[in-house]
Amino acid sequence: MDIDDALIEWYGKNKRSLPWREPGVTAWGVLVSEIMLQQTPVARVEPIWSEWMERWPVPSGLAAVSQGEV
């Protein structure tokens, strides 16, 4: 088994179920999660990420509101 196969096997056994890893999540959703996770623990990001994606599922939705609303 090469290193790639070993890593994939390890990930399959140890991965956490996170909403931004679910099938159908767009690149926008992944980008939002990456930004939120920069300095914030996953447990705190999960509920906020879900709310954010519900409110602004596409970048244009976010761009259309004021900074104060965000």
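Which residue forms a salt bridge with E69? Keep that question in mind while you open the structure, which is a predicted model, and let the tour begin with the residue that answers it.

**First stop: the two salt bridges**

Select R55 together with E69, and you will find that R55 is the partner in question, with the closest N and O atoms of the pair 3.2 Å apart. R55 lies in helix α3 and E69 lies in the segment after α4, so this pair ties together parts of the chain that are 14 residues apart in sequence. Both ends of the bridge count as partly exposed, R55 at 47% relative accessibility and E69 at 38%. As a general point, side chains of opposite charge can pair when their charged atoms come close.

How many salt bridges does a search of the whole structure find? The search finds two, and to see the other you should select K13 and E9, whose side chains meet with a distance of 3.1 Å from N to O. Here both residues lie in helix α1, four residues apart, which is about one turn of the helix. In general, an α-helix has 3.6 residues a turn, so residues three or four places apart point the same way. If you colour the pair by accessibility, K13 is exposed, with a relative accessible area of 63%, whereas E9 is partly exposed, with 36%.

**Second stop: a patch on the surface**

Stay with helix α1, which covers residues 3-14, and select W10, which has its place there. Now add L7 and Y11 to the selection, and you have the three residues that make a nonpolar surface patch of about 350 Å².

**Third stop: the nonpolar core**

Next, hide the surface and select L18, W20, W28, V32, M36, V42, V45, W49, W52, M53, W56 and L62, the 12 residues of the largest nonpolar core. Two helices, α2 (27-36) and α3 (42-55), each supply at least two residues of this core, and the largest share, five residues, comes from α3.

To look at one member of the core in detail, centre the view on M36 and show what surrounds it. Leaving aside its neighbours within four places in sequence, M36 is in contact with V45, I48, W49 and W52.

**Fourth stop: the two sides of helix α2**

Select the whole of α2 and turn the view until you look along its axis. Which residues of this helix are buried? They are W28, G29, V32, S33 and M36, and seen down the axis they fall within an arc of 135°, so they line one face of the helix. On the other side of α2, A27 and I35 are exposed. If you then ask what lies over the buried residues, the cover includes α3 and α4, the latter being residues 59-63.

Among these buried residues, S33 deserves a selection of its own, since it lies in helix α2 and has a relative accessible area of 0%. Because a residue counts as buried under 20% relative accessible area, S33 is buried by this cut-off. Not counting residues up to four places away in sequence, S33 touches W20 and W49, and both of these belong to the nonpolar core you selected before.

**Last stop: exposed residues and some distances**

For the final part, select Q39, which lies in the loop between α2 and α3 and counts as exposed at 78% relative accessibility. Draw a distance from Q39 to V58, C-alpha to C-alpha, and you will read 23 Å for two residues that are 19 apart in sequence.

Then move to S60 in helix α4, which is exposed, with a relative accessible area of 53%. The C-alpha atoms of S60 and V45 are separated by 22 Å, while the two residues are 15 apart along the chain.

Is Q67, the last residue to select, buried or exposed? Q67 has its place in the segment after α4 and counts as exposed, at 77% relative accessibility. Between the C-alpha atoms of Q67 and A6, which are 61 residues apart along the chain, the separation is 45 Å.

Methods. Residues are numbered from 1 along each chain as its sequence is written. This is a predicted model: local features need pLDDT of at least 70, side-chain atom pairs count only at pLDDT 80 or more; totals for chains, interfaces and linings use all residues. Side-chain values use heavy atoms; hydrogens and water are left out. A nonpolar core is a set of buried Ala, Val, Leu, Ile, Met, Phe, Trp, Tyr and Cys residues joined through side-chain atoms within 4.5 Å. Buried means under 20% relative accessible area, exposed over 50%, partly exposed in between (1.4 Å probe, protein chains only). Contact means heavy atoms within 4.5 Å. Patches are made of residues with over 30% relative accessible area and no salt bridge: like charges are joined within 9 Å, nonpolar side chains (Val, Leu, Ile, Met, Phe, Trp, Tyr) within 5 Å. Accessible areas come from the Shrake-Rupley method with a 1.4 Å probe; for residues, only the protein chains shown count as cover. A salt bridge is a side-chain nitrogen of Lys or Arg within 4 Å of a carboxyl oxygen of Asp or Glu. The arc is that of the directions from the helix axis to the C-beta atoms.
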